Amino acid sequence: MVASGNYIVENAHIVPVTGEPFDGALVVTEGKIAKLGPTAKAPRDHERIDAAGAWLLPGFVDAHVHLGVHEQGEGWAGADFNETTDPVTAAVRAIDAINPMDIGFDDALAHGVTTVNVNPGSANPIGGLTVAMKTHGAIVDDMVLRAPSGLKAALGENPKRVYGEQKKTPSTRLGTAFTIRKAFSEAREWAAKDSKDRAADLVSEALAKVLAREIPWRQHCHRADDIATAIRIADEFGYELVLDHGTEAHKLADRIAERGIPVLYGPMMVSRSKVEVRERSPKAPGILAKAGVKVSIITDHPVVPIDFLVNQAALAAKEGMDPQEALRAITINPAEVLGVADRIGSLEQGKDADLVLWEGDPLDTRNRALRTWIEGREVLRYDAEASAPVVAERW
């Protein structure tokens, strides 16, 4: 594998995402994209990589996963995503529970996903702080792009079920909304005090970041009525709202577009296992995008394994989403929602060299990822002889 951060990928079909595709080359210097274009040249000391006509794209971004906090194949020992001892756990941090050795990280690399946003679960009305991170490394702190990148919250079935079974508030939708309002009201009072008069309060401190619009409020909601509640509470408190899942968001597409609220749609490839996802549809991302909503497609890994992020984008394109918009939904759109589009999400000069070389169009799911780079370092290569991807050492 290429250890150097200086090379040129030549003879590639390059899809920048934010610009028109072209045949040409891309130059990487010290882990950053130095230049790209039909006639791009590199200094003599740069290694030369012949793409032989393969497609070069930015690494994909999945803005809603539980990678590393809900480990695959580990059972209860790897389940660290829901702290169900209190309805309001705004101060817990996903970063403190991520195991970067979770096999899901290798799966991400093998299918072109180089950035994820790891969330706490949706058992609590207010679940905790999220983190945007790269998908290769040994220590989580070295993989972080933005922390915190948002505060996770949940409406709908999950919190009412979890706390209803405990015979405590919230056991209804109105109780969940009350719990969120109460926490925000207390945080607003706490933040209004002079700093020398404030007692230490990690929960209010986290919520105050949302009220100050330093980080977005990541609202888990599926049904249209819950989405309307999410918008109502956001209007009351004035924070930046992101709709996670948004299964029935297409029913409110014009209202959501008017307010400029992004939707992270998914998971799409799941059974209709509960009322909230009964109306999930691969047509929804296209409907939302046509209405002017910024759409990202998510897996909610491990609900849908992260391997299938691009398959979901292909499914959305099959059902009416413009193919270019489907690619944006797993690249630049989630990068913008996460507040890290200055570094990732497209192939542009100065951005991180998070690159994936595909056999052909990745929306044709017969094509595989041949090579994956993160910040210029090759982290995966497909071994044709072994018919298996090989991941670089993490240490």
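**Group meeting: a walk through the model**

Let's start with Lys167, which is exposed, at 77% relative accessible area. The cut-off for exposed is over 50%, so Lys167 counts. One caution before I go on: this is a predicted model.

Stay with Lys167. Its phi is near 60 degrees. That is a positive value, and the residue is not a glycine. Where is Lys167? In the loop between H3 and H4.

That loop has another feature. Pro170 lies in the loop between H3 and helix H4, residues 173-192. The peptide bond from Thr169 to Pro170 is cis. Omega there is near 5 degrees.

Next, a second cis bond. This one joins His301 and Pro302. Omega is about 10 degrees. Look for Pro302 in the loop between strand E13, residues 295-297, and helix H9, residues 309-318.

Back to positive phi. Arg213 has a phi of about 60 degrees, and Arg213 is not a glycine either. Its place is the loop between helix H5, residues 202-211, and strand E10, residues 217-221. Is Arg213 exposed or partly exposed? Partly exposed, because its relative accessibility is 49% and the exposed class needs over 50%.

Now the largest pocket. It holds about 420 Å³ of space. How many residues line the pocket? The count is 25. Nearest its centre are Ser122, Asn158, Lys274, Asp300 and Val303. Please find those five on the screen.

Which element gives the most to that lining? Helix H3, residues 157-165, with three residues. We met H3 a moment ago, at one end of the loop that holds Lys167.

What about the classes in the lining? Polar residues number 13. Eight are nonpolar. Four are charged.

Last stop, the surface. Met101, Ile139 and Trp395 make a nonpolar patch there. Its area is about 380 Å². Take Trp395 from that trio. You will find Trp395 in the segment after strand E17, residues 388-391. Buried or exposed? Trp395 is exposed, because its relative accessible area is 75% and the cut-off is over 50%.

A quick recap, then. For cis bonds, look at Thr169 to Pro170, and at His301 to Pro302. For positive phi outside glycine, look at Lys167 and Arg213. For the pocket, begin around Ser122 and Asn158, two of the residues nearest its centre. For the nonpolar patch, go to Met101, Ile139 and Trp395. And remember that the model is predicted. Thanks, everyone.

Technical notes:
Residues are numbered from 1 along each chain as its sequence is written. This is a predicted model: local features need pLDDT of at least 70, side-chain atom pairs count only at pLDDT 80 or more; totals for chains, interfaces and linings use all residues. Side-chain values use heavy atoms; hydrogens and water are left out. On a 1 Å grid over the protein atoms alone, a cavity is a set of points where a 1.4 Å probe fits but cannot get out, and a pocket is an open set with protein on both sides within 12 Å along at least five of seven lines; lining residues have an atom within 4 Å of a point. Grid points are joined across faces, edges and corners, and a volume is the space filled by probe spheres set on the points. Helices (H or I, at least four residues) and strands (E, at least two) are DSSP runs, numbered from the N terminus. Ala, Val, Leu, Ile, Met, Phe, Trp, Tyr, Cys and Pro count as nonpolar, Asp, Glu, Lys and Arg as charged, and the others, Gly among them, as polar. Buried means under 20% relative accessible area, exposed over 50%, partly exposed in between (1.4 Å probe, protein chains only). Patches are made of residues with over 30% relative accessible area and no salt bridge: like charges are joined within 9 Å, nonpolar side chains (Val, Leu, Ile, Met, Phe, Trp, Tyr) within 5 Å. Accessible areas come from the Shrake-Rupley method with a 1.4 Å probe; for residues, only the protein chains shown count as cover. A salt bridge is a side-chain nitrogen of Lys or Arg within 4 Å of a carboxyl oxygen of Asp or Glu.
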